[in-house]
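Hi,

Here is the structure I promised to pass on. Have a look first, and then read on for my notes.

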Amino acid sequence: MNTDTANSNNTATENAQTRQVNTDTANSNNAATPTTANKATITQEQAIAIAEKETGAKATSIHQDFDDGYLQYEVDLISGTNKFDVTINAETGTIMEYDVESIYND
C-alpha cells in the first residue's frame with residue numbers, strides 16, 4: 001500500500017471546477033448482507049469529506065459495500081496526476097485502506 005500524499009500544483013484550478021460525484025449504494029459483488037449491527041452512521045457526504053481532507057484530492061465516485069465484515073464506503077478521488085482509493089468504515093468514519101497511484105499506470 002502506497003501512502004504517498006503528494007498533491008499537484010493545480011489545486012486552485014481543481015477547486016474552481018464544479019465536480020460531480022457518482023454514487024452507488026448497492027452492495028458490490030458480495031453476497032453478504034449487512035446486519036443491523038453494521039449500520040452506516042456516517043453519510044456518503046461525510047465519507048467524501050473525510051477522504052478529501054485526508055488526500056487533498058477531489059472525489060469522483062463513492063459506493064457503499066459490505067466487505068471483510070464491515071459496512072464501508074469506497075471513495076475514488078483524483079488530484080493532478082494521482083488517483084486515490086480510500087476505504088472508510090461506514091460505522092466509525094475511520095480510514096481502513098488508502099491507496100494512491102499515477103493516472104498513467106493504466
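Below is what I found in it, going from the overall layout down to single residues.

First, a caveat: this is a predicted model.

**Overall layout**

The protein has 2 helices and 5 strands, and from the N terminus on they come in the order α-β-α-β-β-β-β. Of its 106 residues, 32% are buried. If you take the contacts between residues at least 6 apart in sequence, 50% of them join residues at least 24 apart. The exposed surface comes to about 6400 Å², with carbon and sulfur atoms supplying 44% of that.

**The core**

The largest nonpolar core holds 18 residues, and Tyr-73, Val-75, Leu-77 and Ile-88 have the most contacts inside it. Two or more residues each come from α2 (44-55), β2 (58-67), β3 (70-79), β4 and β5. The top contributor is β3, with 4 residues.

Tyr-73 is worth clicking on. Setting aside neighbours within four places in sequence, Tyr-73 is in contact with a long list of residues, including Ala-40, Ile-42, Ala-47, Ile-62, Val-86 and Ile-88. Polar residues turn up on that list too, among them Thr-43, Gln-44, His-63, Gln-64 and Thr-87.

**The aromatic pair**

How many aromatic pairs are there? The count is 1. Phe-84 and Tyr-98 make up this pair, and their arrangement is edge-to-face, with 6.2 Å centre to centre and 75 degrees between the planes. An angle over 60 degrees is what earns that label. The two partners are 14 residues apart, with Phe-84 in strand β4 (residues 82-89) and Tyr-98 in strand β5 (residues 95-102), so the pair links distant parts of the chain.

Are these two rings' residues buried or exposed? Phe-84 has a relative accessible area of 1%, so it counts as buried. Tyr-98 is buried as well, at 6%.

**A buried asparagine**

Also in strand β4 is Asn-89. Its relative accessibility is 7%, and because the cut-off for buried is under 20%, Asn-89 falls on the buried side. What does its side chain have for polar company? A polar atom of the Asn-89 side chain lies 2.7 Å from the backbone nitrogen of Glu-91. Not counting residues up to four places away in sequence, Asn-89 touches Ile-42, Tyr-70, Leu-71, Gln-72, Thr-94 and Met-96. Ile-42 also appears among the contacts of Tyr-73, so you can use Ile-42 to get from one site to the other on screen.

Cheers

Key:
Residues are numbered from 1 along each chain as its sequence is written. This is a predicted model: local features need pLDDT of at least 70, side-chain atom pairs count only at pLDDT 80 or more; totals for chains, interfaces and linings use all residues. Side-chain values use heavy atoms; hydrogens and water are left out. Rings of Phe, Tyr and Trp (its six-membered ring) pair if their centres lie within 6.5 Å; planes under 30 degrees apart count as stacked, over 60 as edge-to-face and the rest as tilted. Buried means under 20% relative accessible area, exposed over 50%, partly exposed in between (1.4 Å probe, protein chains only). A polar contact is a pair of N or O atoms within 3.5 Å; within protein, one must be able to donate a hydrogen and the other to accept it, and residues adjacent in sequence count only if both atoms are side-chain atoms. Contact means heavy atoms within 4.5 Å. A nonpolar core is a set of buried Ala, Val, Leu, Ile, Met, Phe, Trp, Tyr and Cys residues joined through side-chain atoms within 4.5 Å. Accessible areas come from the Shrake-Rupley method with a 1.4 Å probe; for residues, only the protein chains shown count as cover.
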